[in-house]
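Here are a few notes from my pass through this one. Have the viewer open while you read.

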Amino acid sequence: MLTLDKVYNAGYVLKNVIRKTDVIMAPNINPESEVYLKTENLQITGSFKVRGAYYKMSQLTEEEKAHGVIACSAGNHAQGVALAATKNGIKSVICLPDGAPISKVEATKKFGAEVCLVEGVYDDAYKRALELRDEKGYTFIHPFNDENVIAGQGTIALELIDQIPDLDAVVVPIGGGGLISGVAFTIKSLNPKIKVYGVQAQGAPSMANSVKDGEIERLDSVSTIADGIAVKEPGDLTFELCSKYVDEIVTVSDDEISAAILALIEQQKLIAEGAGAVAVAAVMFNKIPVKNKKVACLISGGNIDVTILSRVIKRGLMMSGRSCQLMLELVDKPGQLMNVSRIIAEKGGNVTSVLHERSSEGSDVNGCYLRINMETRNYAHIEEIKKALTDFGFKII
C-alpha cells in the first residue's frame, strides 16, 4: 500500500542524496496566472527519476542487492537507476530502445550501468528487460508501476507544499504515470483543495484515454518529440492512482511543446526536454483553467539531445509567430523584389532567405513565385506585413 508515511520515509532517505530543486517564478508563461516552475530539470542526472529509483533501491534486501538490478527506460529512469545502483554498490543493467538519444545512452554508461540497446521502442526494451531478469535473477526496477518508485517521486510534492504553501494547482507530465501518481497522492492527502492536472503528448495519450474510458488501454503506436513520456500503456497501480487523485488530464501537440521549450530557454534560461516542457505548454496554451490561480508547473527533465534542440527551436519560432514563410505570386518584371523587401523592412520584418522560381505550366507566362523566410515579432506582426503586401497589389499564396 502507498502511504503518506512511505513518502515521508522516502524524503528522509533521499535527504542527503538528491537536490531539493528550486521553485522559480515565471511571469510571462501565462500573464493571467501566477506561474511557478519546479525545476527538476536541474536535479542530479537532469531528471526527477533518481528520486524513485534511489528510494526503491534503498528498500531492497541484501540478497536482491547482491544479484544486481535491471531496468528499461527511454533514458531518464536509466540514469536514475545507474546512479542509485552505483552509489549503493549494486550492479545495474539497463535496456534502452535503440532510438534513445545518444546523450542519454552515454550518460547512463557514465553513471556506471551496463547498457543493452534493444530494437524498437520503450515497450520492446521493457520486454527484453523482463527476459534478462528471469534469465539472470536480477531485480527489476520498474520506471513507474511500483509503490516505492511512486513514493520516491511523491517527495517532489512534499517540497512543493513547503515551498508554495498557498498553491492552487500543480501541473505534471504523464508518461507511465509514476510521477503524477506520487505527486497527486501526496498533495491530495495533505491538501485536497489543490488541483492536480496531468499533461500528455497528443501522440501518446495512453493514460488520458485509459482514465476517460475507465479501463487500461494500450496504444498501437506512439509518436512525439517528448520521448520521455512516449509510453503505450500505463501501469495498473498508476492507472488506479490517477483515476482517484488526478483532477483532469489534457494533451498538447509537438508544436506546442516546441514553443514551451523555446519560452523556457528565452524567458527563464532553462533547458527542458520535450517531456519536461509539456506542463508549461498546457499552461501557455490555456489547456487547463489556471486564470488568476497560483500554479506550479513541474519541469520533469532537461536531458534533451542537442541535435533535436535546434529542430525544436525552429518549430518553436514558427509556432510562436517569430518565424514565417510567405509565398508570393509576382509578375516577372524589374523592381518587384525591391518592392517586396522594402515593404517587409518598413514593417520591421527581417528577411533571412529568398527563393525565386519561374512559373509552372498552366500559370501566366510572365509570372513567377517568390518564397520568403523572415523573422517576425509575433502573429500580429505577420498579419501586418501580409496586409501591407496585399495592399500594394501582391498576391500571397
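**Cores first, then a sheet**

1. Bear in mind that this is a predicted model. Its largest nonpolar core has 36 residues, and L37, V171 and V283 are the ones with the most contacts inside that core.

2. Who builds this core? At least two residues each come from strand 2 (34–39), strand 7 (169–173), strand 8 (195–201), strand 9 (248–252) and strand 10 (294–299). On the helical side, helix 11 (254–268), helix 12 (274–284) and helix 13 (306–319) also supply at least two residues apiece. Helix 12 gives the largest share, 8 residues.

3. V283 is worth clicking on. Leaving aside residues up to four places away in sequence, V283 touches I29, N30, S33, V35, V171, I288, V290, V295 and C297. V171, another of the residues with the most contacts in the core, is thus on that list.

4. There's a second, separate core too, with 33 residues. Among them are F48, A151, A184 and F239.

5. Now the sheet: 4 strands make an open sheet with parallel pairing, in the order 5-4-3-6. Strand 5 (114–118) and strand 6 (139–140) are at the edges, each pairing on one side only.

6. Strand 3 (residues 69–72) and strand 4 (residues 92–97) run parallel and are joined by 4 bridges. To find your way between them, look for A71, which stands opposite I94 in strand 4.

7. Finally, helix 6 (residues 122–136) packs on this sheet and touches strand 3, strand 4, strand 5 and strand 6. The direction of helix 6 makes about 165° with that of strand 3.

Technical notes: Residues numbered from 1 in each chain as written. Predicted model: local features only at pLDDT ≥ 70, side-chain atom pairs only at ≥ 80, totals over all residues. Heavy atoms only, no water. Pairing = 2+ DSSP bridges. Contact = heavy atoms within 4.5 Å. Axes fitted to C-alpha atoms, helices over the stretch in contact; angles between N-to-C directions. Core = buried A, V, L, I, M, F, W, Y, C linked by side-chain atoms within 4.5 Å. Buried < 20%, exposed > 50% of the residue type's maximum accessible area, 1.4 Å probe, protein only.
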